Amino acid sequence: MDARVKPLEVNAVEAQPTTRPSRAEAEAAVRTLIAWTGDNPDREGLLETPARVVKAFGELYAGYDQHPKTILERTFKEVGGYDDIVLVRDIPFHSHCEHHMVPFIGKAHIAYLPHDGVVGLSKLARLVEVFARRLQTQENLTAQIIDAINEHLGPRGAAVMLDAEHMCMSMRGVHAHGVSTVTHRFTGVFAEDRQEQDRFFAMVGKR
Ligand SMILES: Nc1nc2c(ncn2[C@@H]2O[C@H](COP(=O)(O)OP(=O)(O)OP(=O)(O)O)[C@@H](O)[C@H]2O)c(=O)[nH]1
Ligand SMILES: [Zn+2]
């Protein structure tokens, strides 16, 4: 099958499947951007840059080819009856804002109240990667993480908080350095019970 007609797998409801250009077309686009900046894409140091950039994009946007189900499908039930909050905090992530394609970098804190087994702790960090390695807004990233937890783990409650610095606000535009943006979403018991929210904030260490 021609790589150009390979459908792009997407998980966002609003995103439409689209077709992928070829690698050669992607490299030509990078070459155009280099020339647009005012540099010479034919000088020695830049000759291989389009190929490197496209390869790097393959890593930075790998999330389009990954699905949360494959990460969250394996759960463990032998946890000694543990059914209280499981919090994995300070998960580092890098994403790219969909407005400027410039990085936003921060930490994710994910908690859930188990219902029928627990998931491997590393899987929550992997889940963040699935969605962070796509073009994003911080709000959408927050929502996609918690929606995937609810869909695939069915917990009694879930809580997600992201704290990130957007390079499009510091390196360009308003040039506001050191600004952090905090988003959070609660579902289930965390949404209904203020005390559970307070426990989450206390455990994360932010109030
Ligand atoms: N809500 C939200 N806004 C974001 C995020 N990442 C970047 N932005 C904002 O997206 C907005 C885009 O605004 P526009 O006015 O269309 O673009 P712009 O002229 O480049 O804006 P400036 O950044 O103010 O120069 C900016 O205010 C960015 O700060 C995000 O994750 N969530
Ligand atoms: Zn931006």
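Colleague: How do the residues of the shell around ligand 1 divide into nonpolar, polar and charged?
Modeller: In this predicted model, ligand 1 is surrounded by Cys97, His99, Thr137, Gln138, Glu139, His166, Cys168, Met169, Gly173 and Val174. Sorted by character, the residues of that shell come out as four nonpolar, five polar and one charged.

Colleague: Which elements give two or more residues to the shell around ligand 1?
Modeller: The shell includes Gln138 and Glu139 as well as Cys168 and Met169. The elements that contribute two or more residues to it are α5, covering 138–153, and α6, covering 167–170.

Colleague: Which residues does UniProt list for "binding site", and why can they be said to gather at one spot?
Modeller: The residues in question span 72 residues in sequence, yet no two of their C-alpha atoms are more than 7.9 Å apart, so they gather at one spot. The annotation comes from an unreviewed UniProt entry, which lists Cys97, His100 and Cys168.

Colleague: Is Cys97 buried, exposed or partly exposed, and why?
Modeller: Cys97 belongs to strand β2, which covers residues 86–97. Beyond its neighbours within four places in sequence, Cys97 is in contact with Val102, Phe104, Gln136, Thr137, His166 and Cys168. A residue is called buried once 20 or more other C-beta atoms lie within 10 Å of its own. Because Cys97 has 19 other C-beta atoms within 10 Å, its class is partly exposed.

Colleague: What does Cys168 touch, not counting residues up to four places away in sequence?
Modeller: Cys168 is placed in helix α6, and with 16 C-beta neighbours inside 10 Å it counts as partly exposed. With residues up to four places away in sequence set aside, Cys168 touches Cys97, His99, His100, Val102 and Gly173.

Colleague: In what order do the five strands of the open sheet stand?
Modeller: The pairing within this open sheet is mixed, and its edge strands, each of which pairs on one side only, are β5 (135–136) and β7. Between β2 and β5 there are two bridges, and these strands run parallel, with His96 standing opposite Leu135 in β5. The order of the five strands is β5-β2-β3-β6-β7.

Colleague: How many bridges join strand β3 to β6, and how many pair β6 with strand β7?
Modeller: Strand β3 (residues 103–113) runs antiparallel to β6, and in β6 the bridge partner of Lys107 is Asp163. β6 also pairs in the antiparallel sense with strand β7 (residues 181–188), where Ala164 stands opposite Thr181. The bridges joining β3 to β6 number ten, while those between β6 and β7 number eight.

Colleague: How many of the ten residues of strand β6 are buried?
Modeller: Over the protein chain of 207 residues, 24% count as buried. Strand β6, residues 157–166, is mostly covered, and the number of its ten residues that are buried is eight.

Colleague: What distance separates the centres of domain 1 and domain 2?
Modeller: The protein chain, with eight helices and seven strands, is assigned a domain 1 at 3–60 and a domain 2 at 76–204. Along the principal axes, its C-alpha atoms fill a box of roughly 65 × 45 × 30 Å. Taken over C-alpha atoms, the centres of domain 1 and domain 2 are separated by 29 Å.

Conventions:
Residues numbered from 1 in each chain as written. Chains lettered and ligands numbered in written order. Predicted model: local features only at pLDDT ≥ 70, side-chain atom pairs only at ≥ 80, totals over all residues. Near = placed C-beta within 6 Å. Helix = DSSP H or I, 4+ residues; strand = E, 2+ residues; numbered from the N terminus. Nonpolar A, V, L, I, M, F, W, Y, C, P; charged D, E, K, R; others polar. UniProt positions renumbered as here; feature names shortened; annotations may be inferred. Buried ≥ 20, exposed ≤ 12 C-beta atoms within 10 Å, placed from the backbone. Contact = placed C-beta atoms within 7 Å. Pairing = 2+ DSSP bridges. Domains from an automatic or database assignment.
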